[in-house]
Amino acid sequence: MNRPEALLAWLESQEGAMVALLEEVVNLDSGSYDKEGVDRVGERFAAFFAEHGIPVERKPRETFG
């Protein structure tokens with residue numbers, strides 16, 4: 001299986017986890033100007049990616065998340 005096919009197969013296998021993650025972050029109080037809320041959403045996505053071996057690069061901001 002080539003890389004694009006493997007990626008698509010992995011994404012398809014993760015549908016339930018991704019829908020659950022989306023539901024979780026949609027329910028976080030994280031308006032665009034709420035730095036703490038936006039940071040929580042970023043932390044949750046970073047944790048999900050780390051659980052699946054996907055590298056994450058974060059760029060801290062003083063004003064916005």
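This passage describes the helices, salt bridges and surface residues of a predicted model.

A good place to begin is the pairing of two helices. Helix α2 covers residues 15-26 and helix α3 covers residues 35-51; their axes come within 10 Å and cross at roughly 165°. Because of that angle, α2 is roughly antiparallel to α3, the cut-off for this description being an angle over 145 degrees. The crossing in which α2 passes α3 is right-handed.

Salt bridges come next. In general, side chains of opposite charge can pair when their charged atoms come close. In this model the count of salt bridges comes to three, and each can be visited in turn.

One of them joins the two helices just described. Arg 44 and Glu 24 form a salt bridge in which the closest N and O atoms are 2.9 Å apart. This pair links distant parts of the chain, with Arg 44 in helix α3 and Glu 24 in helix α2, 20 residues apart. Glu 24 has a relative accessibility of 37%, so this residue counts as partly exposed.

Another salt bridge is found within helix α3. Here the side chains of Lys 35 and Asp 39 meet, with 2.9 Å from N to O. Both residues lie in α3 and are four residues apart, which is about one turn of the helix. Lys 35 has a relative accessible area of 25% and is therefore partly exposed. Asp 39, at 21% relative accessibility, also counts as partly exposed; buried would mean under 20%.

The remaining salt bridge pairs Glu 57 with Lys 59, and the closest N and O atoms of this pair are 4.0 Å apart. Glu 57 is exposed, because its relative accessible area is 65%. Lys 59 has a relative accessible area of 55%, so this partner is exposed as well.

Attention can now turn to helix α1, which spans residues 3-13 and includes Leu 8. Together with Leu 7 and Leu 11, Leu 8 forms a nonpolar patch on the surface, and the three residues have about 280 Å² of accessible area together. Leu 8 itself counts as exposed, because its relative accessibility is 56%. A charged residue, Glu 12, also lies in helix α1. With 63% relative accessibility, Glu 12 counts as exposed too. The C-alpha atom of Glu 12 is separated by 20 Å from that of Ala 46, a residue 34 positions away along the chain.

Two further glutamates help to show how parts of the chain are placed in space. Glu 23 is found in helix α2 and counts as exposed, because its relative accessibility is 53%. Between the C-alpha atoms of Glu 23 and Pro 55 there are 22 Å, the two residues being 32 residues apart along the chain. Glu 62 belongs to the segment after α3. At 80% relative accessibility, Glu 62 counts as exposed. Its C-alpha atom is separated by 8.6 Å from that of Lys 35, with the two residues 27 residues apart along the chain. Lys 35 is the residue already met in the salt bridge with Asp 39, so the reader can locate Glu 62 by starting from this partly exposed lysine.

Terms used:
Residues numbered from 1 in each chain as written. Predicted model: local features only at pLDDT ≥ 70, side-chain atom pairs only at ≥ 80, totals over all residues. Heavy atoms only, no water. Patch = residues over 30% accessible without salt bridge, like charges linked within 9 Å, V, L, I, M, F, W, Y side chains within 5 Å. Areas by Shrake-Rupley, 256 points an atom, 1.4 Å probe, with all protein chains shown as cover. Buried < 20%, exposed > 50% of the residue type's maximum accessible area, 1.4 Å probe, protein only. Axes fitted to C-alpha atoms, helices over the stretch in contact; angles between N-to-C directions. Parallel < 35°, antiparallel > 145°, perpendicular 65-115°, else oblique. Left-handed = near helix turned anticlockwise from the far one by under 90°.
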